[in-house]
Amino acid sequence: MSRDAVRRVVEAQELERASLARELHDETGQALTSILLGLKSLDAGAADDGERAAVAELRELVVSTLQSVRRLAVELRPAALDDFGLVPAIERLRDTVEEQGGISVDVQSNLADARLPSEVETALYRIVQEAFTNVLKHASASRVSVQLNRGASSVTLVVHDDGKGFDPANVRDGSLGLVGMRERVALLGGHLVIESSEDAGSMLKAEVPTP
């Protein structure tokens, strides 16, 4: 497949992700919120403790489902990425990772409020997202650092963890999302370096040109 064809596929995937995220947030989220409001009326009209307990159990289920829907919407396409930019989106992702994985994530950047081209922000966000997923699933890490630095003609992303590491040469094709990471960086004319060894942690460095 040509690079232009791959780029069109990636763009189509992001558009579909954004559409699904909006649908989940707006339609499904609002429907679940309406159910919660209806449960308040049921609770107020409950005849006995048994009915109130049943309503409470149902409320917990709806709240749990609503949280899952919101989390899925963010994973598909975080509104913060489009509205506020790369760093705020990564910081929100960091909060989720720290909560889910019990690990410490440090995010440092010299971008301040500056925005990058949309395709660059999307690519770097997806790389960080995949890196975090790998850390949670495979690394057994306690600390992760993310550094974003913009130079005169490029932006560099470095993600480092103190986990058990792996042997990049023995990774199965497509495993750990490495192929997807490399494709995204290559489409932007950049390059990706991954250094890791067993019991020594991992370091991912992506550098892409910016206008």
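Cores, strands and buried residues in a predicted model

Modeller: Just after helix α6, glycine 189 takes a positive phi of about 80°. In α6 itself (residues 178–187), the buried residues are Leu178, Met181, Arg184, Val185 and Leu187. The model is predicted, so local features need pLDDT of at least 70 and side-chain atom pairs count only at pLDDT 80 or more, while totals for chains, interfaces and linings use all residues. Residues are numbered from 1 along each chain as its sequence is written, and side-chain values use heavy atoms, with hydrogens and water left out.

Biologist: What makes a stretch of the chain a helix or a strand here, and how many of each are there?

Modeller: Both are DSSP runs numbered from the N terminus, a helix being H or I over at least four residues and a strand E over at least two. The chain has 6 helices and 5 strands, and from the N terminus on they follow in the order α-α-α-α-β-α-β-β-α-β-β.

Biologist: Why is serine 196 called buried, partly exposed or exposed?

Modeller: Buried means under 20% relative accessible area, exposed means over 50%, and partly exposed lies in between, with a 1.4 Å probe and protein chains only. Serine 196, placed in strand β4 (residues 191–196), has 17% relative accessibility and therefore counts as buried. Of the 211 residues of the chain, 39% count as buried.

Biologist: How do you know that the side chains of serine 196 and serine 202 make a polar contact?

Modeller: A polar contact is a pair of N or O atoms within 3.5 Å; within protein, one atom must be able to donate a hydrogen and the other to accept it, and residues adjacent in sequence count only if both atoms are side-chain atoms. The contact that joins the side chains of serine 196 and serine 202 is 2.7 Å. The side chain of serine 196 also reaches the backbone oxygen of glycine 201, at 3.1 Å.

Biologist: Why does arginine 115 count as buried, partly exposed or exposed, and which residues does arginine 115 touch?

Modeller: Arginine 115 is found in the loop between β1 and α5, and because its relative accessibility is 37%, arginine 115 counts as partly exposed. With contact taken as heavy atoms within 4.5 Å, and not counting residues up to four places away in sequence, arginine 115 touches Leu81, Asp82, Asp83, Phe84, Gly85, Glu121 and Arg150. Two of these touches have polar distances: the side chain of arginine 115 reaches the backbone oxygen of leucine 81 at 3.1 Å, and a polar contact of 2.8 Å joins its side chain to that of glutamate 121.

Biologist: What makes the largest nonpolar core a core, and how many residues has it?

Modeller: A nonpolar core is a set of buried Ala, Val, Leu, Ile, Met, Phe, Trp, Tyr and Cys residues joined through side-chain atoms within 4.5 Å. The largest one has 39 residues, and those with the most contacts inside it are Leu86, Leu124, Ile127, Phe132, Leu148, Leu157 and Val159. Helix α5 (residues 118–139) gives the largest share of this core, 10 residues. A second, separate core has 10 residues, including Val55, Val62, Leu66 and Ala73. In soluble globular proteins, nonpolar side chains tend to be buried together.

Biologist: Why is valine 55 called buried or exposed?

Modeller: Valine 55 has its place in helix α2 (residues 49–76), and with 9% relative accessibility valine 55 counts as buried. Leaving out residues up to four places away in sequence, valine 55 touches Leu39, Leu42 and Asp43. The C-alpha atoms of valine 55 and leucine 39, which are 16 residues apart along the chain, are separated by 6.7 Å.

Biologist: How do you know that strands β1 and β2 pair, and over how many bridges?

Modeller: Two strands pair if DSSP finds at least two bridges between them. Strand β1 (residues 104–109) and strand β2 (residues 143–150) have 6 bridges and pair in the parallel sense, with aspartate 106 standing opposite serine 145 in β2. The chain crosses from β1 through α5 to β2 in a left-handed β-α-β crossover; a crossover is right-handed if, with the strands pointing away from the viewer, the path from the first strand over the helix to the second runs clockwise.

Biologist: Why is alanine 112 called exposed or buried?

Modeller: Alanine 112, in the loop between β1 and α5, has a relative accessible area of 64% and is therefore exposed. Alanine 112 also has a positive phi of about 55° although it is not a glycine.
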